[in-house]
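Ready for some practice in reading a protein structure? Take your time with the picture, and try each exercise before you look at its solution.

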Amino acid sequence: MSFNLEALGVWTEPKRFTVEPERIAAYAAATNDPIAEHRRGELAPPVFAVLPAFDSGAEAVLAVAPAELLMMLVHGEQDFFYHRPITPGMELSTRSAPVGVRQTSAGVVVAVRSETRTAGGDLVNEQWMSTFFRGAQGQRSAGESAPGHAPAEAVRGTDPVGEAKQHVDADQTVRYAEPSGDHNPIHLDEDFARSVGLPGIINHGLCTMAFASHAVIGIAEADPRTLKRLAVRFAKPVPPGQDISTRIWRSGAGAYAFETASETEAVVLKDGLAVFEP
């Protein structure tokens with residue numbers, strides 16, 4: 001069950017995506033987004049950027065990973081670099097490529113890079129997705145890793161500039177599945193989730209990331225249009241119906257580190273980084 005290293009660096013064919021205001025508004029509602037422009041469908045939320053890249057990113061992972069291991073896949077990290085906001089009416093094109101495979105003691109990490117552009121070729125965003133195949137062993141590492149985003153240890157030693165408490169609703173996963181296009185049964189089917197070793201259905205990691213983005217934007221009192229980078233590592237799952245809390249530290253000019261924990265005090269998002277234009 002070796003990974004196909006020959007696929008590294010090979011781009012998918014571009015996937016087209018039309019940005020509709022209704023889809024923006026539905027995504028904002030499904031993530032309990034408090035920002036009025038997002039709720040009205042006038043400006044896409046930061047994590048909405050994953051939607052145009054969803055199909056090509058999955059295709060890039062499948063080009064490398066053995067089909068037998070797909071049920072062991074979890075989302076490890078997500079890192080967005082924003083060049084311009086996504087707004088209604090945009091015709092977008094996204095291509096993705098697997099760029100690295102890395103063996104760890106607990107499994108194999110596959111790094112995928114995606115580029116989303118306008119119909120005219122202008123770069124809208126770049127994103128890195130790291131997927132983790134639990135338990136996979138015996139694989140030779142090759143290619144490159146995704147960019148790092150862990151905060152300096154000294155940052156965590158300072159006082160947070162703020163903390164936001166939020167609630168993941170009991171029906172959050174059902175509401176998120178449709179506008180996101182992610183119908184993975186670990187988020188929707190209790191029996192299936194338990195069959196793969198989970199305690200029950202879990203919130204989509206990107207939905208939890210969207211919650212954290214609201215928290216950071218609010219505490220930073222920033223215009224979401226000025227967000228240039230947003231990154232997290234997914235540490236633990238969040239069951240629906242739980243409270244979460246995001247703590248934010250200033251880490252530089254326009255930069256913030258953050259970490260999100262569940263009501264059981266388990267860290268669910270770590271190595272969070274948000275960078276705004278100064």
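Below are three exercises with worked solutions, all on a predicted model.

**Exercise 1.** Find out which strands are joined to strand 9 by bridges, and how they run.

*Solution.* Start with strand 9, which covers residues 243–252. Six bridges link this strand to strand 7, residues 162–167, and the two run antiparallel. To check the register, look at His167, which sits opposite Asp243 of strand 9. Next, turn to strand 10, residues 255–262: eight bridges join it to strand 9, again in an antiparallel arrangement. Here Ser245 faces Ala261 in strand 10. Finally, follow the chain from strand 9 to strand 10: they make a hairpin with two residues between them. In that turn, Gly254 has a positive phi of about 75 degrees.

**Exercise 2.** Decide whether Gln166 is buried or exposed, then describe its surroundings.

*Solution.* First locate Gln166 in strand 7. Its relative accessibility is 16%, and buried means under 20%, so Gln166 counts as buried. Now look for polar partners: a polar atom of the Gln166 side chain is 2.9 Å from the backbone oxygen of Phe211. Beyond four places in sequence, Gln166 also touches other residues, including His214, Asp243 and Thr246.

**Exercise 3.** Work out which residues Pro52 contacts beyond four places in sequence.

*Solution.* Begin in helix 3, residues 50–64, where Pro52 is found. With a relative accessible area of 4%, Pro52 is buried. Leaving out those sequence neighbours, its contacts are Phe17, Leu92, Thr94 and Thr116.

Note on methods
Residues are numbered from 1 along each chain as its sequence is written. This is a predicted model: local features need pLDDT of at least 70, side-chain atom pairs count only at pLDDT 80 or more; totals for chains, interfaces and linings use all residues. Side-chain values use heavy atoms; hydrogens and water are left out. Two strands pair if DSSP finds at least two bridges between them. Helices (H or I, at least four residues) and strands (E, at least two) are DSSP runs, numbered from the N terminus. Buried means under 20% relative accessible area, exposed over 50%, partly exposed in between (1.4 Å probe, protein chains only). A polar contact is a pair of N or O atoms within 3.5 Å; within protein, one must be able to donate a hydrogen and the other to accept it, and residues adjacent in sequence count only if both atoms are side-chain atoms. Contact means heavy atoms within 4.5 Å.
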